[in-house]
Amino acid sequence: MTTIWHNPRCSKSRATLAIVEEHGPVEIRKYLEDAPNEADIRDVLAQLGIPAIQLMRTGEAEFKELGLSKTDSDEVLIAAMAKAPKLIERPVVITDKGARIGRPPESVKEIL
C-alpha cells in the first residue's frame, strides 16, 4: 500500500498525490490533522536515509519559536516534528520500496 503524508493546501503535495494516484490506491494521511508520532517519523527517516533536519521545514515560524537549530540532535528534531507537524516537509510518500519527499513531485516515481 502506498501512503502519502499530505497537506491539501500545498501545491507540491497535490501534484505528488496526482502522480501517486495514477499508480493505484493510496492512503492519504493528512499529517497536520493526524500527526505522525516519533516512531512514525523515525521509520520514515530510516526509509529516506536522511537526518531529521532534512525532513524539517526550517523556515516555518514554529522552528524559531521552539528555539530549534539546524545543529540540534535528531532526537530533539524528531520530538519537535511530532509535537508540531507543520515542521515536517511535505509531501512524504511511503511504499514497500521505500520513502521519498515529493520535492519535486516526480521524485516519488522511483518508488511507485
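The legends below accompany close-up views of a predicted model.

**View 1. The parallel strand pair β1 and β2 and the helix that links them.** Strand β1, residues 2–6, runs parallel to strand β2, residues 26–30, and five bridges join the two. One of the residue pairings in this ladder sets T2 against V26, its bridge partner in β2. Between the two strands the chain passes through helix α1, residues 11–21, and the resulting β-α-β crossover is right-handed.

**View 2. H23 in the loop that leads from α1 to β2.** The loop between helix α1 and strand β2 contains H23, and a polar atom of the H23 side chain lies 3.0 Å from the backbone oxygen of I19. H23 and P36 are 13 residues apart along the chain, and their C-alpha atoms are separated by 24 Å.

**View 3. Helix α2, with its buried and exposed faces and its two ends.** Helix α2 spans residues 38–48, and within this helix I41, V44, L45 and L48 are buried. When the helix is seen down its axis, the buried residues of α2 fall within an arc of 100°, and they therefore line one face of the helix. The elements that cover these buried residues include β1, α4 (74–83), β3 (92–95) and β4 (98–101). Exposed residues A39 and A46 are carried on the face of α2 that is turned away from its buried side. At the start of α2, the backbone nitrogen of A39 has a side-chain oxygen of N37 within 3.0 Å, while just after the helix G49 adopts a positive phi of about 70°.

**View 4. The nonpolar cores, with I41 of α2 as a point of reference.** The largest nonpolar core comprises 23 residues, and those with the most contacts inside it are W5, I41, L55, M81 and L87. Helices α2 and α4 and strands β3 and β4 are the elements that give two or more residues to this core. If neighbours within four places in sequence are left aside, I41 is in contact with W5, P36, L55, I78, M81, A82 and I88. Another core, of eight residues, lies apart from the largest one, and I4, L17, I19 and V20 are among its members. As a general background to this view, nonpolar side chains in soluble globular proteins tend to be buried together.

**View 5. The buried arginine R57 and its surroundings.** R57 belongs to the loop between α2 and α3 (61–65). With a relative accessible area of 18%, R57 falls under the 20% limit and is therefore classed as buried. The side chain of R57 makes a polar contact, at 2.9 Å, with the side chain of E89. Beyond its neighbours within four places in sequence, R57 is in contact with F63, with the run of residues K86, L87, I88, E89 and R90, and with R103.

**View 6. Two cis peptide bonds that lead into proline.** The peptide bond from R90 to P91 is cis, with omega near -15°, and P91 is located in the loop between α4 and β3. The peptide bond from R103 to P104 is also cis, with omega near 0°, and P104 is found in the segment after β4. The arginines that precede these prolines, R90 and R103, are both among the residues in contact with R57, the buried residue of View 5.

Key
Residues are numbered from 1 along each chain as its sequence is written. This is a predicted model: local features need pLDDT of at least 70, side-chain atom pairs count only at pLDDT 80 or more; totals for chains, interfaces and linings use all residues. Side-chain values use heavy atoms; hydrogens and water are left out. Two strands pair if DSSP finds at least two bridges between them. Helices (H or I, at least four residues) and strands (E, at least two) are DSSP runs, numbered from the N terminus. A crossover is right-handed if, with the strands pointing away from the viewer, the path from the first strand over the helix to the second runs clockwise. A polar contact is a pair of N or O atoms within 3.5 Å; within protein, one must be able to donate a hydrogen and the other to accept it, and residues adjacent in sequence count only if both atoms are side-chain atoms. Buried means under 20% relative accessible area, exposed over 50%, partly exposed in between (1.4 Å probe, protein chains only). The arc is that of the directions from the helix axis to the C-beta atoms. Contact means heavy atoms within 4.5 Å. A nonpolar core is a set of buried Ala, Val, Leu, Ile, Met, Phe, Trp, Tyr and Cys residues joined through side-chain atoms within 4.5 Å.
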